[in-house]
Amino acid sequence: MNKLTSNLEKLHEIEEKENISKIQKLDIYLKQIISDEENIKINKVYVELLGKESEKDIDNIGVEIMDEISIINNLKLQGNQDSFNTMDISKENRIDSILKIEEDTNQFILIGESGSGKSTTLHKILYNNAKAFFERKENIKIPVLIDANQYNKGRTFISLIREKLEIENLSELFEQGDLQIIIDGLNEVSEDFEDKAKKEIKQILKVYPENSLIISTRKHGFYNSFNLPVFELKELQDKQIKDYILKYSKENFLELWKDINENEHLYALSQNPLTLKIILIVSNKGEKISNRANLYYSFFKTLFELENQKNESIEKDIKIKILCFLAYSMREKGEVRVAIGEALSIIQKIQRKLFFFYYDSIDILKELERNSIIKMSRQESITFTHESYLEFFTALELKEYFYKNKKIKIEDLSNSYWKEPISMCSDLFVDEENAFDFFEYLFKENSKKEILEDEYDFDLKERKKKNKPKKISSFSFDDFNENINIASLVALNLKERYPKIYHTAEIYLSNYMNIYLNKFYKNGFINYEKYFLILFDAISTLSSPKLFYKILIDFDWVYLWLYTEELETMKINSDKSKEEKAFFNHIAFAISRSLKDFTLFYFILDKARIYHSFSRSIIINLNNLRRILTYHIPLNKLIYTYKILKDEKLLIEIGKYDMTFFRENLNFDTYDMGNYLDFIRKYHSKNENGLNELFFRLKSLKIGSDLWYNTLYHLFDLKFDEKILLEYIEKHIEDLSSNKNYKKLISYIQCIRFENLHEKIKNLFITPEKKNFFSKYSDISISNSNNIKLKLDIDYKNLLNLKKSSSNYFIKVVINEKYSAFVKGVTSFNENSENKFLSISLLDERNLENITENGIVEEVSGPDSLILTEPLKFHPDLIRNNHKILQILDYSLKENKKTTINFIQELGITYLFHNKIESIKYGIVIDI
């Protein structure tokens with residue numbers, strides 16, 4: 001029975017009004033979750049989009065990741081340059097359904113991009129566990145989902161849980177570990193309360209560790225400060241995208257899938273659950289999509305058109321103005337939630353500005369809620385239905401403001417809150433001049449700073465006569481813009497429409513690199529590392545082949561970050577070596593976080609490995625850079641790159657996460673089958689598909705070969721279906737008896753309960769008459785007596801109680817550090833016994849009349865001989881359950897000690913003779 005269910009049933013028996021009220025409230029709370037229309041809707045969407053609920057195969061896959069510190073600690077910069085395992089950073093990672101991970105992982109963090117399905121997944125967990133509670137399933141805790149954006153000075157996580165459950169005193173539930181706390185959107189906590197919120201989570205983990213805790217947060221800017229496992233939501237795969245399109249756009253399926261599959265940007269958008277749904281809505285209206293902002297613009301246009309057909313009273317343009325100003329106001333404060341009173345003030349401010357007083361401000365909010373763009377909560381606050389909606393309307397406001405003022409009203413561009421709105425804003429420009437001005441403003445950071453311009457390569461003087469560029473020779477530290485990565489992101493977004501802007505960004509960044517190299521680094525500028533990272537961040541974002549060649553091929557740059565003298569001479573433990581390693585790691589992670597064109601970078605990196613083959617340290621660092629990148633880059637980009645470059649090392653990296661793709665693209669004619677099976681065992685043995693693949697390959701191997709045996713043993717160790725394995729062995733057992741590995745096979749079979757073996761396998765063992773061995777209870781004893789009649793230190797009343805009871809009791813007895821055994825039975829500890837050790841016995845009901853009140857067994861039965869030199873002919877179950885055999889072994893220890901001990905050890909029953917074999921130490925009961 002579930003521990004929590006048991007606790008609740010106990011509370012039912014207590015008559016105090018407070019406890020009765022608590023049970024009723026919990027009951028009502030859980031039923032509300034199950035019956036809530038929103039939860040039912042989310043459950044339906046989840047199943048439709050991500051899998052078939054009936055098969056419990058919800059394919060919202062999570063990939064376990066390591067944080068930056070953990071990966072750095074696992075770097076091994078020594079050893080063979082070409083060894084694939086020089087830095088194996090993902091060997092312990094789990095790739096599985098989030099719902100399956102939740103079933104066996106008590107506490108973890110879920111990260112993902114905006115719209116990747118984090119909230120939907122958490123609501124699905126909430127719904128499933130509330131439902132499972134009433135189905136009396138084991139180990140179910142009371143699920144409580146908290147929106148992190150509700151956290152503020154007066155509303156802590158514990159107080160929010162109290163509000164949800166409507167229970168004043170939560171101490172009992174916390175102390176018993178009965179809660180599953182689900183915190184959605186930790187990144188949405190206001191900056192003012194971020195530290196306080198994280199501190200409270202750490203306190204809950206420390207004081208109430210038995211409770212389940214799941215936290216979701218955006219991937220961008222995430223840092224694991226809780227030391228919990230982290231799983232990143234894997235993007236939707238082709239089959240899921242196709243299935244969803246087929247379900248909701250059957251008539252347009254072929255055309256739509258063709259558009260998605262042939263457009264890299266559209267395909268990337270389709271791998272996100274939220275944007276895939278929006279694509280289908282927009283595509284059904286005949287709209288063409290070029291980028292994310294364009295997709296959202298078309299979506300809201302379609303949405304407002306549909307609402308107009310319902311006779312909505314408020315004009316579309318007015319709604320957009322209000323949403324833009326509301327979104328910008330929230331983003332400016334770093335908030336995702338605003339009080340209704342404040343929202344009404346914002347609307348009224350817009351009304352005064354635009355002179356439309358014919359709508360009541362509260363009616364406007366209600367209509368926007370009916371449009372499913374905002375949500376109003378019981379706490380009298382407002383949020384956008386999805387944070388990406390807030391970002392889109394913020395982007396619209398930024399665009400409109402820039403058109404009028406030629407600048408953007410953002411004080412701190414380095415704040416991660418602005419990255420997505422600025423990116424989407426650049427997608428909204430429809431003319432090159434404004435787009436160029438927007439990019440240039442960002443690159444200069446503000447209108448007062450001057451531009452870096454190449455005198456010979458690109459002529460922009462006519463456009464910028466009023467702002468004459470500054471020469472490189474006069475450039476100083478004060479002119480260095482720390483937010484050039486934002487400008488680089490905008491240039492990349494505009495690359496296809498306005499290639500001149502992208503080319504300008506290349507020139508500007510190239511000049512920055514020259515200034516850095518010639519003015520800062522060579523002059524010993526003290527903070528050069530900081531600006532080095534800023535440059536690499538921007539270069540990775542822009543993804544220019546010209547600049548990639550510069551940092552990977554040009555030796556002046558390679559020397560700065562890839563060549564390390566200490567590693568070249570293998571002085572790897574010096575302080576300088578550690579500093580060089582840390583510097584390289586920080587750069588590698590800056591690249592992995594910002595890299596936009598992985599395929600291009602990987603291609604040039606591969607060329608760099610050939611170009612710099614003369615240097616040990618450069619090659620090792622390039623190899624480690626490749627591994628860090630392939631670990632962080634999304635799977636779809638790895639697959640896309642492999643399809644173009646056909647790089648085997650890349651296929652191996654993909655294989656760690658996608659066994660099917662790995663298997664379909666691997667050349668088995670040239671790839672060693674043993675290595676393949678080891679790879680599957682190493683990376684996929686924790687999932688059912690991996691085990692099935694191992695068994696499938698086992699059946700194709702030569703029976704009795706070393707590889708066949710090794711694979712079979714692995715399947716036993718990995719807990720593959722025992723019944724299937726035994727059926728397979730039974731078919732071939734007669735062919736294996738002369739094989740050199742036969743002894744190992746029998747040793748494995750001896751570890752399986754005798755009653756579970758098939759008849760043909762049972763016949764491998766010498767078996768006494770079944771009637772002596774297969775009664776409901778068989779004799780089990782640990783004796784300190786050398787007499788034929790075994791003295792059992794057990795109270796007679798306990799035997800009578802056992803006879804009346806329907807339950808069996810399990811006691812774990814540890815003999816020494818190496819051996820332990822679980823024994824069914826009833827026990828007593830005789831403090832006066834000579835050896836201070838437990839005696840345990842469980843007897844057949846039929847033999848109870850043969851037990852005297854002082855606990856003496858009057859007769860035993862069993863075979864009268866053993867072949868001590870052939871332990872493989874006996875199964876331990878048929879030995880340890882028979883008193884006669886145990887007595888023979890006991891006597892044989894005196895006459896033929898070495899052979900008998902070997903026989904006993906081979907069968908794994910040494911613990912039965914703990915007081916007869918000198919190497920066995922006494923133990924105590926440690927767990928009941």
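**Salt bridges in the predicted model**

Lys-762 and Glu-759 pair up through their side chains in a salt bridge, with N and O 3.7 Å apart. This is a predicted model, and here both partners sit in helix H38 (residues 759-762), 3 residues apart, or about one turn of the helix. Their surroundings are worth a look: Lys-762 counts as buried, at 14% relative accessibility, while Glu-759 is partly exposed, with a relative accessible area of 44%.

Elsewhere, salt bridges with shared partners tie Arg-218, Arg-331, Glu-387 and Glu-391 into one network. One of the contacts concerned is the salt bridge between the side chains of Glu-387 and Arg-331, at 3.1 Å from N to O. That pair links distant parts of the chain, with Glu-387 in helix H18 (residues 387-405) and Arg-331 in helix H15 (residues 316-332), 56 residues apart. Glu-387 and Arg-331 are both buried.

Back within a single helix, Lys-31 makes a salt bridge with Asp-27, and the closest N and O atoms are 3.1 Å apart. Both residues belong to helix H2 (residues 17-35), where 4 residues, about one turn of the helix, separate them. As for accessibility, Lys-31 is partly exposed, with a relative accessible area of 46%. Asp-27 is partly exposed too, with a relative accessible area of 28%.

As for the overall tally, the count comes to 22 salt bridges, among them the Lys-762 to Glu-759 pair, the Glu-387 to Arg-331 pair and the Lys-31 to Asp-27 pair.

Technical notes: Residues numbered from 1 in each chain as written. Predicted model: local features only at pLDDT ≥ 70, side-chain atom pairs only at ≥ 80, totals over all residues. Heavy atoms only, no water. Salt bridge = Lys/Arg side-chain N within 4 Å of Asp/Glu carboxyl O. Helix = DSSP H or I, 4+ residues; strand = E, 2+ residues; numbered from the N terminus. Buried < 20%, exposed > 50% of the residue type's maximum accessible area, 1.4 Å probe, protein only.
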